[in-house]
Amino acid sequence: MVRPLQMNLPNTLDQVGGTPSDPEMPAVHEQLIVFARELGELYHLERSRSAELERVLQSLQETYLATMKSLATVIEAKDQTTRGHLDRTQAYGLALARRIDEGLAANPTLGYGFFLHDIGKVGIPEHILCKAGPLSVDEWTVMRNHPIIGAQIVAPIAFLHDAVDLIRHHHERFDGTGYPDGLEDQDIPLAARVFSVADSFDAMTSDRPYRGSIGVERALAEIRGGAGSQWDPEIVRVFVQMIEDDPPTDDEAFSRALAQAG
């Protein structure tokens, strides 16, 4: 009869081949448990601090935006030619961006840039900004600086970085004859090309002291006629189709803006 092999297994991790376990191991084990517990507490504390920092940062961002929006609204209130323009162009621009590039539209900075596009008018003398009639050559030279001023105002705000190019270039033209930098075609940032169409449409369908609204139909004809010269032809095509054939009925801001168009 073969007897089963007898094996003496170590009763601790430190007992190997019959070597007695280290008498200090229980204490080390307890210290490791305490250390692990303290690490866990530090981790949760750090998470809590990170969450608090995120809340502070969010609050600062909201404060910056509120300040910028208030400033933009004050400028709009002074300039009687653009009453309601900021809200309407933001609505048109966002609706158009969703159809041009979903990735572009998903960037929350886009809407901020649309709303703040004329923030640089804070640096334009009031007698020029609020002039009821057409500007003189010299006055127009001053007015053309507002995109540069606007970009300079927004540039130091890190979370609005993506809006800087939109603000600076929303008056560029597809054929390169716009301002302030004479960019053309694809060199003009996509957001600026999108917004330029929305901005122009609202300008044409709004009453101004020196002329009334030209109406939606005529405004669309003007935009079609400027495809390839003032505006990106593909963006014009999408915009005209959106207004004429397929308006986003689930977009309340867009519907409200279009209802106000003369």
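This is a tutorial dialogue on reading features of a predicted model.

User: Where should I begin, and how many helices and strands does the protein have?

Analyst: Begin with the secondary structure, bearing in mind that the model is predicted. The protein has twelve helices and zero strands, and along the sequence this reads as α-α-α-α-α-α-α-α-α-α-α-α. Of its 262 residues, 36% count as buried, while the accessible surface comes to about 15,400 Å², with 55% of that area belonging to carbon and sulfur atoms. Among the contacts with a separation of 6 or more, 60% are between residues 24 or more positions apart.

User: How do I read the packing of two helices, and at what angle do H2 and H4 pack?

Analyst: The general idea starts from the helix itself: an α-helix has 3.6 residues a turn, so residues three or four places apart point the same way. In this structure, helix H2 (residues 85–100) packs against helix H4 (residues 108–115) at an angle of about 145°, the axes being 8 Å apart, and H2 passes H4 in a right-handed crossing. On the H2 side the contact is made by Leu 86, Asp 87, Thr 89, Gln 90, Gly 93, Leu 94 and Ala 97, and on the H4 side by Leu 110, Gly 111, Tyr 112, Phe 114 and Phe 115. By character, these residues divide into seven nonpolar, four polar and one charged.

User: Is Ala 97 of H2 buried or exposed, and what is it in contact with?

Analyst: Ala 97 is buried, because its relative accessible area is 0% and the cut-off for buried is under 20%. Leaving aside neighbours within four places in sequence, Ala 97 is in contact with Glu 102, Leu 104, Ala 105, Leu 110 and Val 194. The C-alpha atoms of Ala 97 and Ala 191 are separated by 7.7 Å, although these residues are 94 apart along the chain.

User: How can I check the length of a helix, and what span should helix H9 have?

Analyst: The check uses a rise of 1.5 Å a residue: the 15 residues of H9 (residues 190–204) should therefore span 21 Å, and the end C-alpha atoms are 22 Å apart, which agrees. H9 is also mostly covered, with 14 of its 15 residues buried. Asp 202 lies in this helix and counts as buried because its relative accessibility is 1%. Beyond neighbours within four places in sequence, Asp 202 is in contact with His 85, Arg 88, Thr 89 and Tyr 92.

User: What should I look for in the backbone of a loop, and which residues does a cis peptide bond join here?

Analyst: Most residues other than glycine have a negative phi, and most peptide bonds are trans. In this model a cis peptide bond joins Tyr 179 and Pro 180, with omega about 10°, and Pro 180 is placed in the loop between helix H8 (164–169) and H9. Asp 185 lies in the loop between H8 and H9, and its phi is near 50°, a positive value in a residue other than glycine. At 32% relative accessibility, Asp 185 counts as partly exposed.

User: Which residues is Phe 174 in contact with?

Analyst: Phe 174 is found in the loop between H8 and H9 and is buried, with a relative accessible area of 12%. Leaving aside neighbours within four places in sequence, its contacts include Asp 185, Arg 193, Trp 231 and Pro 233. Phe 174 and Gly 226 are 52 residues apart in sequence, and their C-alpha atoms are 9.3 Å apart in space.

Definitions and conventions
Residues numbered from 1 in each chain as written. Predicted model: local features only at pLDDT ≥ 70, side-chain atom pairs only at ≥ 80, totals over all residues. Heavy atoms only, no water. Axes fitted to C-alpha atoms, helices over the stretch in contact; angles between N-to-C directions. Helix = DSSP H or I, 4+ residues; strand = E, 2+ residues; numbered from the N terminus. Left-handed = near helix turned anticlockwise from the far one by under 90°. Contact = heavy atoms within 4.5 Å. Nonpolar A, V, L, I, M, F, W, Y, C, P; charged D, E, K, R; others polar. Expected span 1.5 Å × (residues − 1). Buried < 20%, exposed > 50% of the residue type's maximum accessible area, 1.4 Å probe, protein only. Areas by Shrake-Rupley, 256 points an atom, 1.4 Å probe, with all protein chains shown as cover.
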